[in-house]
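Welcome, and please bring up the model in your viewer. We will walk from one selection to the next, with a short stop at each.

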Amino acid sequence: MGASTVLPWGCVTEVLLGPPGSALGFDVAVPADLLGRLTYSSRRGERTLKYVVDGELVRSVSVQGVYRLAADSAAELRRLVLEDSR
């Protein structure tokens with residue numbers, strides 16, 4: 001898909017696809033210390049989540065959308081999910 005191609009069902013140019021059969025679950029709690037460390041990468045640099053107060057996400061605006069996790073954060077979340085699935 002080219003950079004100027006818009007997907008037919010919306011005004012987006014990128015989508016996130018998982019392997020076939022990937023289940024999306026909401027049953028794993030992210031520990032407070034990890035929530036405070038989660039970092040996203042972009043062309044402008046790295047940023048942590050906004051609106052984390054005392055280890056709790058008080059506003060969801062900083063996680064709405066599709067963002068690239070920094071490598072360290074992706075590895076930590078992967079460990080968390082894999083440990084929980086055992």
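A residue counts as buried under 20% relative accessible area, as exposed over 50%, and as partly exposed in between. Keep in mind on the way that this is a predicted model.

With those cut-offs in hand, select Glu76: its relative accessible area is 21%, so it is partly exposed. Which residue forms a salt bridge with glutamate 76? Add arginine 37, and you will find the closest N and O atoms of the pair 2.3 Å apart. Arginine 37 belongs to helix α1 and glutamate 76 to helix α2, so this bridge ties together parts that lie 39 residues apart in sequence.

Stay on Arg37, which is partly exposed too, at 38% relative accessibility. Now show aspartate 33, whose side chain meets that of arginine 37 in a second salt bridge, with 3.3 Å from N to O. These two residues sit four positions apart in helix α1, which means about one helical turn separates them. Aspartate 33, at 48% relative accessibility, is again partly exposed. Display the three together: salt bridges with shared partners link Asp33, Arg37 and Glu76 into one network. The total for the model is two salt bridges.

Next, move to the largest nonpolar core by selecting Leu34, Leu35, Leu38, Tyr40, Leu49, Leu77 and Leu80, seven residues in all. Colour α1 (32-37) and α2 (71-84), since each of them supplies at least two residues of this core.

For the last stop, centre on leucine 80. Leaving aside residues up to four places away in sequence, Leu80 touches Val28, Ala29, Val30, Pro31 and Leu34.

Conventions
Residues numbered from 1 in each chain as written. Predicted model: local features only at pLDDT ≥ 70, side-chain atom pairs only at ≥ 80, totals over all residues. Heavy atoms only, no water. Core = buried A, V, L, I, M, F, W, Y, C linked by side-chain atoms within 4.5 Å. Buried < 20%, exposed > 50% of the residue type's maximum accessible area, 1.4 Å probe, protein only. Contact = heavy atoms within 4.5 Å. Salt bridge = Lys/Arg side-chain N within 4 Å of Asp/Glu carboxyl O.
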